[in-house]
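Reader: I would like a close look at a single part of this model, namely the aromatic pairs and what surrounds them. Please take your time and connect the details as you go.

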Amino acid sequence: MTEESKESITVAPLGDILDVTVHPLVLLSAADHYHRVARGTRKRVVGVLLGSVNRGSIDATNSFAVPFEEDNKNPAVFYLDHNYLENMLLM
């Protein structure tokens, strides 16, 4: 990861958030991912929201699904594909 990509990540304290906008594409993508992977089961799905934070306003404009597996015996144990996340960050 380059220094430039590290600087573009913004995290705002939760108390400072006044408005959240989720674009329709993000909702459609999340619903589609759930229906393809976990419909009719008790499985969870995981994804990443992409957007911007500006003066207490979050604008989620895009998203992508993340490969995710849970331990069948203990749902508190899960596995994320960190290489996939790092590759997506670099795009």
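Author: A definition comes first: patches are made of residues with over 30% relative accessible area and no salt bridge, and nonpolar side chains are joined within 5 Å. In this predicted model, V20, V22 and L27 form such a nonpolar patch on the surface, and together they have about 260 Å² of accessible area. V20 itself is placed in strand β1, which covers residues 19–22.

Before turning to the rings, it helps to set out the chain as a whole. The chain has three helices and five strands, and from the N terminus on these elements run α-β-α-β-β-β-β-α. Of its 91 residues, 12% count as buried. The chain exposes about 7,500 Å², of which carbon and sulfur atoms supply 56%. Among contacts between residues at least 6 apart in sequence, 40% join residues that are at least 24 apart.

Now to the part you asked about. The structure holds two aromatic pairs. One of them is formed by F64 and Y84, whose arrangement is edge-to-face, with 6.2 Å from centre to centre and 65° between the planes. This pair links distant parts of the chain, since F64 belongs to strand β3 (residues 57–66) and Y84 to helix α3 (residues 82–90), 20 residues apart. F64 counts as buried because its relative accessibility is 15%, a value under the 20% cut-off. Y84, at 29% relative accessibility, counts as partly exposed, because partly exposed residues fall between that cut-off and 50%.

The other pair is made by F68 and F78, whose ring centres are 5.7 Å apart and whose planes meet at 40°, so the pair is tilted. Because F68 lies in strand β4 and F78 in strand β5 (residues 78–80), the pair ties together parts that are ten residues apart in sequence. Here F68 is buried, with a relative accessible area of 16%, whereas F78 is partly exposed, with a relative accessible area of 45%.

The surroundings of this tilted pair can be followed through E70, a residue of strand β4, which spans residues 68–70. Leaving aside residues up to four places away in sequence, E70 touches K43, R44, P75, V77, F78 and Y79, and F78, as a member of the tilted pair, is thus one of the residues in contact with E70. The side chains of E70 and R44 are also joined by a polar contact of 2.5 Å.

Strand β3, which carries F64, also holds D59. D59 is partly exposed, with a relative accessible area of 25%. Apart from residues up to four places away in sequence, D59 touches T21, H23, L50, G51 and S52, and a polar contact of 2.7 Å joins the side chains of D59 and H23. The C-alpha atoms of D59 and D19 are separated by 8.4 Å, although the two residues are 40 residues apart along the chain.

From D59 the picture extends to S52, which has its place in strand β2 (residues 46–54). S52 is partly exposed, with a relative accessible area of 38%, and, again without residues up to four places away in sequence, S52 touches S57, I58 and D59.

Definitions and conventions. Residues numbered from 1 in each chain as written. Predicted model: local features only at pLDDT ≥ 70, side-chain atom pairs only at ≥ 80, totals over all residues. Heavy atoms only, no water. Helix = DSSP H or I, 4+ residues; strand = E, 2+ residues; numbered from the N terminus. Polar contact = N/O pair within 3.5 Å; in protein donor to acceptor, adjacent residues only side chain to side chain. Contact = heavy atoms within 4.5 Å. Buried < 20%, exposed > 50% of the residue type's maximum accessible area, 1.4 Å probe, protein only. Phe/Tyr/Trp six-rings, centres within 6.5 Å; stacked < 30°, edge-to-face > 60°. Patch = residues over 30% accessible without salt bridge, like charges linked within 9 Å, V, L, I, M, F, W, Y side chains within 5 Å. Areas by Shrake-Rupley, 256 points an atom, 1.4 Å probe, with all protein chains shown as cover. Salt bridge = Lys/Arg side-chain N within 4 Å of Asp/Glu carboxyl O.
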